[in-house]
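Trainee: Could you walk me through this model before I start on my own notes? I'd like the terms spelled out as we go.

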Amino acid sequence: MTEYPPAAAFPPLPATAAKTTGTTWQIAAWSLWDWGGAAFNAVMTTFVFTALYLTGNAFGGADHATAVLAFAMSVSGLFIALLAPVAGQRSDHSGRRKLWLGINTLIVAVLTGACFFVQPNESYLLFGCLLIAAGHVFFELASVNYNAMLLQISTKTTIGKISGFGWAAGYLGGIVALLIVFFALIKPEVGIFGITAADGMTYRAVAVFSALWIIIFSIPVLLAIPESKPDRSMPKVGFFQSYRELFRTIVRLGKTSPHTLYFLISSAIFRDGLAAIFTFGAVLAVGSFGFKTGDVLIFAIAGNVVAAVGALSAGFFDDKFGPKAVIVTSLCGLLISGGLLLFLEGKTAFWIFGLILCLFVGPAQSSARTFMGRLAPEGQEGEMFGLYATTGRAVSFLAPQLFGWSIVIFGAQKWGILGILVVLLAGLLMLLPVKKPQLAREP
């Protein structure tokens, strides 16, 4: 395979960047945002609301509803691609990183709560899919500022562990939220406050619970982490001027730091595949592997435990061997386990290889974030993570579209796995020639 040009691989890390690790309270508060975000990622979009409700028979059947959801998610990716880099750039310049984290998180909570109004009828399918898709847009915009905060509380030697701790907190938060949802609403015939399954009320109540969960656990980070300082050297620019500044940044990266640009492109592809695993994993479990409601939630809890272990271990290996080694190993594991799952049948197969998928997803996600964090110059964290989000979503139509078209072409939901595997493989192949950031950032 041809190597990319070695010259000027990455810019040197500024001597002033990330001088000290944050306090224990700051790290814990920062991680709690991930804990709260699990209500949207795990409960709403992966294991409960979309998998057990929105893609069910009441909305036209699993194949039809899943395809509509996939296409809606691809549209949300286009909006993220357009908005994320400018949002990060402007928060860097204005010094309002924490403010925009709070605003975007609140919008996610409102959209999540609005899913309460999605009634069990096919006429509400598009409405529900659009709410979930819009939630993803604002969750990604919030994540731009959240990820940039990682540089405020970590150093070059601790960024892997702290990032992994944050991802692990998200998975563990998902476990707790899923347990509450299962025992308080889904398992009993009559849940708390007398809620029953009539008219889809069980799952509609899950949306309200998730909205409250998001709000409650987003508060600590807003109290613990100081607001970022505005960049006085940068002139204030209008919204459309921000896109011209963005274009200049991309051109500059191509000239002075080409491997940063190569990483952004390769990670865009494989992270889209990772996102698709979370979006469609439980949907596949129900529609193709015979999982029932209880099975899905038990698997979700086990999967989150395994993913948390993977994310924590990734932090250690990331700081020791670098993020590229962790990502490559994880993607290879995902391709092997996902490929076997495509040709196997039954619950046992999904339990074995689905949990292996969970083990590798967390490390790939965490180390992709630290890879970007090791490259971001001081004062440009938001802009760089905005580019990270944008490139991650600029091709975000790929996995949902290939997932949806694989179902349409081969006539069965299970073949959607093939679309995800193609995206993961393409991302891996593009990542292999990219230089490790440690080699370019060592003195």
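Mentor: Let's begin with a term: on a 1 Å grid over the protein atoms alone, a cavity is a set of points where a 1.4 Å probe fits but cannot get out, and its lining residues have an atom within 4 Å of a point. Grid points are joined across faces, edges and corners, and a volume is the space filled by probe spheres set on the points. Keep in mind that this is a predicted model, in which local features need pLDDT of at least 70 and side-chain atom pairs count only at pLDDT 80 or more, while totals for chains, interfaces and linings use all residues. Residues are numbered from 1 along each chain as its sequence is written, and side-chain values use heavy atoms, with hydrogens and water left out.

Trainee: OK, so how many cavities of 30 Å³ or more does the structure hold?

Mentor: There are four of that volume or above, and the second largest has a volume of about 310 Å³. Of the 25 residues lining that second largest cavity, Ile277, Phe278, Gly281, Phe350 and Leu357 are the closest to its centre.

Trainee: Which helix gives the most to that lining?

Mentor: H9 does, with seven residues. At least two residues each come from H1, H9 (258-288), H10 (293-321), H11 (323-343), H12 (346-375) and H15, where helices (H or I, at least four residues) and strands (E, at least two) are DSSP runs numbered from the N terminus.

Trainee: And what sort of residues are they, nonpolar, polar or charged?

Mentor: The lining of the second largest cavity divides into 19 nonpolar residues, six polar and no charged; here Ala, Val, Leu, Ile, Met, Phe, Trp, Tyr, Cys and Pro count as nonpolar, Asp, Glu, Lys and Arg as charged, and the others, Gly among them, as polar.

Trainee: You mentioned H1. Where is its kink centred?

Mentor: The kink in H1 (residues 24-47) is centred on Gly37 and comes to about 40 degrees, the bend at a residue being the angle between axes fitted to the seven residues ending there and the seven starting there.

Trainee: Why is H1 described as largely enclosed by the rest of the structure?

Mentor: Because 19 of its 24 residues are buried, that is, under 20% relative accessible area, with exposed meaning over 50% and partly exposed in between (1.4 Å probe, protein chains only).

Trainee: Zooming out, what does the secondary structure of the chain come to?

Mentor: It comes to 16 helices and zero strands, and buried residues make up 58% of the 443 residues in the chain. Among contacts (heavy atoms within 4.5 Å) between residues at least 6 apart in sequence, 87% join residues at least 24 apart.

Trainee: Can you give me a pair that is distant in sequence?

Mentor: Take Leu429, in helix H15 (residues 416-431), whose C-alpha atom is separated by 9.6 Å from that of Phe270, 159 residues apart along the chain. Leu429 has a relative accessible area of 41%, so it is partly exposed.

Trainee: Switching to loops, which one holds Phe193?

Mentor: Phe193 is in the loop between helix H6 (159-186) and helix H7 (201-224), and Asp199 has its place in the loop between H6 and H7 as well. Phi of Phe193 is near 60 degrees, a positive value in a residue other than glycine, and Asp199 also has a positive phi near 60 degrees.

Trainee: Is Phe193 buried or exposed?

Mentor: Phe193 is exposed, with a relative accessible area of 79%, whereas Asp199 is partly exposed at 44%.

How values were computed:
1 Å grid on protein atoms, 1.4 Å probe; cavity = no way out; pocket = protein on both sides within 12 Å on 5 of 7 lines; lining within 4 Å.
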